[in-house]
Amino acid sequence: MAAPELLSGWGRTSPTLATVHRPDDLEQIVSQVTAPSPRGVIARGLGRSYGDAAQNAGGDVLSCSKLDRVLAIDVEKGTVTVESGVSLDTLLRVLLPLGWFPMVIPGTSYVTVGGAIASDIHGKFRHGSFADYVDRMRIVTPARGAYMLEPEADANGFWATSGGMGLTGVVTEATLKLQSVETSRIVCDTERTNDVDDCMERMLERDHEYRYSVAWIDCLASGGHLGRAVLTRGNHATFDELPVSDRSTAREYVPRTLLAAPPWIPNGLLNPVTVRAFNELWFRRAPRTTHRVVEGIKPFFFPLDSVRDWNRIYGPRGFVQYQFVVPFGSEQVVRTALERFSAARVPTFLAVLKRFEHDSRSLIGFPMSGWTLALDIPASPRLAPLLDGLDELVVEAGGRVYLTKDSRLRPELLAAMYPRLDEWRSTRAALDPDNLLRSDMDRRLDLSGAGRRGS
Ligand SMILES: Cc1cc2nc3c(=O)[nH]c(=O)nc-3n(C[C@H](O)[C@H](O)[C@H](O)COP(=O)(O)OP(=O)(O)OC[C@H]3O[C@@H](n4cnc5c(N)ncnc54)[C@H](O)[C@@H]3O)c2cc1C
């Protein structure tokens, strides 16, 4: 029997011990999902969810690290079939030289396809969520074992699994639709905005000209500069848009990690003074405006991936990512959140503001048409009242917080934030009637409702 391993999410806030299995064939997965140890089992990808979604204290964790094969690429249809442990980094290395690119890309390349489906992840602005581009997936559930799941044939099962945080089954394989691109570069425009209102106005005015749009906000700015931002938007570069010197490597993708965070950094290194100085420097360094600059995929989409283990800079206490979405018309909630963070002098690096133009089809998916704000905050006891207060505003506005980033939400707010929760629970219960799929997040929030039923 394998020795228990200590697992945490990317925020490193609440590590717990579990027995980790690393199966490499379907038969093993079926037996681990249908007959786990008494505390149940949960799938794990690359552990980039911030909280406790891919942990299972005292139980089993099924790591997808050996499910790492690209199985087929259909260049006629523009689809790729992969095992669920394949990372987006691997996908990009394989697909970009062939002129293909995933439809939805998050802020790090170190997530697996299984993790991307289970959180129904979103990208920068347009084109929906990850699962909108999943043609079909193979799933293993306690009730039915292994089978193929397609949105047309079983919409409920499909949309309960997409965004279902691993609690409906283990995804082992998926076929994804792709977009074709001429190059591995982005043509991007950058502008500084005076404050958050100016930023939102500019996004509303001209986002439609771009495929990708994101604003990096200085949360420590206050007064007339509250929410000042650097707005970066871009489109895939065509071959003709590349400088001549780049054309011989038009579709090359060979990103490197440049730095590694040291293994131990004291709590308190990030304080309002050091973070304010960083934010100031960063804002001043950004050009007032740039137009049509050609950038690589990595600096544009994954700036933090250049520093290995950057999550360690928050020290042993770890950090929380707070991400919420509110519908259009609730801009005041974004403003109030920034006011409260700035007034509380919470030492937070840049926050990210994006717009969604879609609602996730997942029964408990996160995206809804509106504004989403995400920020990383060092863990500290004084955070609870601040974030609890913001949760209330988010709920009142009809918004929600993002489960895959969460480590502290109060369970009583879940149903208000996720109005289709009961529908999801009953679909889930049919796939896992004995509640064998369990995670620390599930126990904390009673997401599955298994706690109320006494399991
Ligand atoms: C720097 C950074 C930037 C990010 N940017 C974005 C962003 O822009 N947009 C966004 O939406 N998210 C973003 N995320 C969050 C990330 O995309 C999600 O948390 C994603 O689910 C992580 O994938 P993972 O493979 O690491 O999964 P894990 O963190 O290991 O697991 C996450 C969830 O997926 C489940 N799961 C994993 N594999 C499977 C499987 N094979 N079958 C069933 N369930 C499974 C787990 O049980 C768990 O509930 C970001 C995270 C980081 C660290």
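This passage describes a surface patch, a pocket and a helix residue in a predicted model.

A nonpolar patch is found on the surface of the model, formed by Ile73, Val75 and Leu98. Together, these residues have about 240 Å² of accessible area. Within the patch, Val75 is located in the loop that lies between strand 5 (70-74) and strand 6 (79-83). The relative accessible area of Val75 is 51%. Because residues with over 50% relative accessible area are classed as exposed, Val75 is assigned to the exposed class.

The second largest pocket has a volume of about 370 Å³. Its lining consists of 17 residues. Those that lie nearest the centre of the pocket are Pro255, Arg256, Gly296, Lys298 and Pro299. Two elements of secondary structure, strand 15 (289-296) and helix 7 (297-301), each contribute at least two residues to the lining of this pocket. Sorted by class, the lining of the second largest pocket comprises 8 nonpolar, 6 charged and 3 polar residues.

A contrasting environment is seen for Val394, which belongs to helix 9 (residues 383-396). Val394 has a relative accessibility of 1%. Since buried residues are those under 20% relative accessible area, Val394 is counted as buried. Val394 and Arg361 are 33 residues apart along the chain, and a distance of 20 Å separates their C-alpha atoms. Thus Val75, in its loop, is exposed, whereas Val394, in helix 9, is buried.

Key: Residues numbered from 1 in each chain as written. Predicted model: local features only at pLDDT ≥ 70, side-chain atom pairs only at ≥ 80, totals over all residues. Heavy atoms only, no water. Patch = residues over 30% accessible without salt bridge, like charges linked within 9 Å, V, L, I, M, F, W, Y side chains within 5 Å. Areas by Shrake-Rupley, 256 points an atom, 1.4 Å probe, with all protein chains shown as cover. Salt bridge = Lys/Arg side-chain N within 4 Å of Asp/Glu carboxyl O. Helix = DSSP H or I, 4+ residues; strand = E, 2+ residues; numbered from the N terminus. Buried < 20%, exposed > 50% of the residue type's maximum accessible area, 1.4 Å probe, protein only. 1 Å grid on protein atoms, 1.4 Å probe; cavity = no way out; pocket = protein on both sides within 12 Å on 5 of 7 lines; lining within 4 Å. Points joined across faces, edges and corners; volume = space filled by probe spheres on them. Nonpolar A, V, L, I, M, F, W, Y, C, P; charged D, E, K, R; others polar.
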